[in-house]
Amino acid sequence: MTEMVPKPFKLLGMFVFLNCTVSSSRKHPSERMSFKFHPSIHPSSNQVTQPMLKLQQELGRSANGWVQRAFQSTSIAAAAQPRAEGPVDPVSEAVPEECPVCAYNEWDPLEEVIVGRAENAQVPPFSVEVKANTYEKHWPFYEKFGGQSFPKDHLKKAVAEIEEMCNILRHEGVTVRRPEPLDWSMQYTTPDFTSPGMYAAMPRDILMVVGNEIIEAPMAWRARFFEYRAYRPLIKEYFKKGAKWTTAPKPTMSDELYDQDYPIRTVEDRHKLAAQGKFVTTEHEPCFDAADFIRAGRDLFVQRSQVTNYMGIEWMRRHLAPDYKIHIISFKDPNPMHIDATFNIIGPGLVLSNPDRPCRQIEMFKKAGWTVVKPPVPLIPDDHPLWMSSKWLSMNVLMLDEKRVMVDANEHTIHKMFENLGIQTVKVNIRHANSLGGGFHCWTTDVRRRGTLQSYFH
């Protein structure tokens with residue numbers, strides 16, 4: 001994002017604005033941006049002050065260098081390039097022509113991905129927000145192990161599975177990045193609550209890439225309050241190389257964010273409450289998990305869930321407008337949390353729709369010409385521990401491109417479904433990793449996909 005400055009010029013009683021402009025024909029962040037100088041104020045020669053002369057000298061010395069990004073936004077601003085022999089602030093380095101962060105949908109060719117870590121994963125304390133997102137048969141597990149490590153042997157197998165998944169992704173030509181391994185057993189206290197941590201296993205929950213922007217989500221579980229720390233070194237690296245970086249308003253997670261008396265005893269209770277639009281999270285402050293959004297170019301689809309409230313959705317709507325449109329959709333789901341094992345868009349106008357959790361707005365997709373595919377019943381055994389999710393992780397797949405998909409090696413019926421769609425399956429076994437709450441889509445955040453911004457929903 002640089003352009004050579006013309007020959008040294010003289011500043012004669014004239015302020016100069018450095019205005020970074022982008023041609024209206026620019027379609028993609030990889031296209032070159034250019035700087036233009038625009039005169040703003042033309043005082044007479046007797047109005048030239050000592051600071052102006054100093055600015056003139058600095059600009060003259062810098063004219064043969066490379067123009068850096070504007071360093072401050074003020075009513076009257078100028079940019080000066082450090083001398084070539086001087087140190088260069090890495091944050092101010094020239095932005096490369098190709099942004100390291102760029103993805104518009106779930107299926108363009110995948111070039112770089114963040115894969116989570118199972119190391120040091122802790123069972124979250126059995127608080128009201130955790131209880132509302134887990135099934136009754138697993139409540140004794142949380143009551144026993146909440147605030148402790150997941151079973152060591154199971155965790156060791158999950159770590160090995162994810163390492164193999166990373167190796168396969170590299171073999172498929174994808175650059176793999178990982179969050180920092182941190183100690184999640186540490187207890188922390190804020191003015192509003194006390195909790196240990198959980199893990200950095202599911203980057204899809206906390207990070208979402210929209211265009212060349214990476215967004216940190218304000219998640220709703222107290223055990224995940226400091227999860228962003230594992231990803232900050234990566235995000236800072238992407239930022240220094242030109243990506244946009246946004247952190248949504250961090251919630252206080254005070255008691256007011258949760259319905260402390262949320263009445264959940266049976267699946268029937270949950271069906272009834274969800275149908276009434278009642279959730280454990282209130283509208284006290286914005287909160288959302290990034291995994292409650294699914295991208296299709298200029299259109300993003302989201303559900304109101306136990307971890308995503310309307311204030312969070314409205315924050316995203318305002319933040320992404322007018323380039324992107326947010327559509328709220330809903331499902332017959334007794335435990336709505338994360339959209340990608342319920343409604344997973346896998347291609348332009350192609351979506352997997354969970355037959356057990358039908359979409360109430362499915363007709364609008366059909367009217368738009370989309371193909372709606374109902375995946376087969378999952379084959380995962382009922383006795384396999386899925387402490388934080390349902391067996392429908394079988395449809396929680398990661399598209400490597402329109403014709404390649406990473407899918408559970410054990411789910412033979414869904415392999416056949418993809419073959420009938422003309423999509424090649426890359427089979428990987430992550431059954432023990434599934435137990436921590438996610439499939440391939442959950443365990444990843446796609447940082448860069450090779451494609452352009454388009455509209456797929458009309």
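Tyr 456 lies in the segment after strand 19, and that's where this tour of a predicted model starts. From there we go back to strand 19 itself, over to its partner strand 3, on to helix 6, and then to the residues that UniProt lists under "active site". Ser 254 gets a short stop at the end.

**Tyr 456, past strand 19**

- With a relative accessible area of 13%, Tyr 456 falls under the 20% cut-off, so it counts as buried.
- Leaving out residues up to four places away in sequence, Tyr 456 touches Asn 105, Trp 107, Ala 296, Gly 297, Asp 299, Pro 348 and Trp 370.
- One of those neighbours, Asn 105, also shares a polar contact of 3.5 Å with Tyr 456, side chain to side chain.
- Another, Ala 296, sits 160 residues away in sequence, but its C-alpha is 6.5 Å from that of Tyr 456.

**Thr 445, inside strand 19**

- Step back into strand 19 and you'll find Thr 445.
- How buried or exposed is Thr 445? Its relative accessibility is 1%, so Thr 445 counts as buried.
- Setting aside residues up to four places away in sequence, Thr 445 touches Val 113, Ile 114, Pro 203, Arg 204, Leu 207 and Val 209.
- Two backbone oxygens are worth a look here: the Thr 445 side chain reaches that of Pro 203 at 2.9 Å and that of Leu 207 at 3.4 Å.
- Thr 445 and Gly 116 are 329 residues apart in sequence, while their C-alpha atoms are 8.6 Å apart in space.

**Strand 3 and its partners**

- Strand 3 is mostly covered, with five of its six residues buried.
- On the strand 19 side, the pairing is antiparallel and runs over five bridges.
- Within that pairing, Glu 112 has Arg 448 of strand 19 as its bridge partner.
- Strand 4 pairs with strand 3 too, this time in parallel and through three bridges.
- There, Ile 114 is matched with Arg 177 of strand 4.

**Helix 6 and what covers it**

- Helix 6 takes in residues 232-240, and Leu 234, Ile 235 and Tyr 238 are buried in it.
- Why do these residues end up on the same side of helix 6? They cover an arc of only 95 degrees around the axis, so they share that side.
- The cover over the buried residues of helix 6 includes strand 3, strand 4, strand 7 (207-210), strand 8 (213-216), strand 9 and strand 19.
- Just after helix 6 comes Gly 242, which has a positive phi of about 120 degrees.

**The residues UniProt marks as "active site"**

- Which residues carry the "active site" feature in UniProt? The unreviewed entry puts it at Asp 289, His 338 and Cys 442.
- These residues span 154 residues in sequence, yet no two of their C-alpha atoms are more than 11.3 Å apart, so they gather at one spot.
- Of the annotated residues, the lining of the largest cavity includes His 338 and Cys 442.
- Asp 289 lies in the loop between helix 7 and strand 10 (293-296), and its relative accessible area of 2% makes it buried.
- Among the residues that Asp 289 touches are Asp 205, Ala 217, Met 219, Arg 224, Met 337 and His 338.
- His 338 belongs to the loop between strand 12 (325-328) and strand 13 (343-347), and at 9% relative accessibility it is buried as well.
- Apart from neighbours within four places in sequence, His 338 is in contact with Asp 205, Asp 289, Ala 291, Asp 292, Gln 303 and Val 307.
- What joins the side chains of His 338 and Asp 289? It's a polar contact of 2.7 Å.

**Ser 254, a last stop**

- Ser 254 is found in the loop between strand 9 (244-247) and helix 7 (267-275).
- Its relative accessible area is 6%, so Ser 254 is buried.
- Beyond residues up to four places away in sequence, Ser 254 touches Asp 192, Arg 222, His 284 and Glu 285.

Technical notes:
Residues are numbered from 1 along each chain as its sequence is written. This is a predicted model: local features need pLDDT of at least 70, side-chain atom pairs count only at pLDDT 80 or more; totals for chains, interfaces and linings use all residues. Side-chain values use heavy atoms; hydrogens and water are left out. Helices (H or I, at least four residues) and strands (E, at least two) are DSSP runs, numbered from the N terminus. Buried means under 20% relative accessible area, exposed over 50%, partly exposed in between (1.4 Å probe, protein chains only). Contact means heavy atoms within 4.5 Å. UniProt positions are given in the numbering used here, feature names are shortened, and annotations may be inferred rather than shown by experiment. On a 1 Å grid over the protein atoms alone, a cavity is a set of points where a 1.4 Å probe fits but cannot get out, and a pocket is an open set with protein on both sides within 12 Å along at least five of seven lines; lining residues have an atom within 4 Å of a point. A polar contact is a pair of N or O atoms within 3.5 Å; within protein, one must be able to donate a hydrogen and the other to accept it, and residues adjacent in sequence count only if both atoms are side-chain atoms. The arc is that of the directions from the helix axis to the C-beta atoms. Two strands pair if DSSP finds at least two bridges between them.
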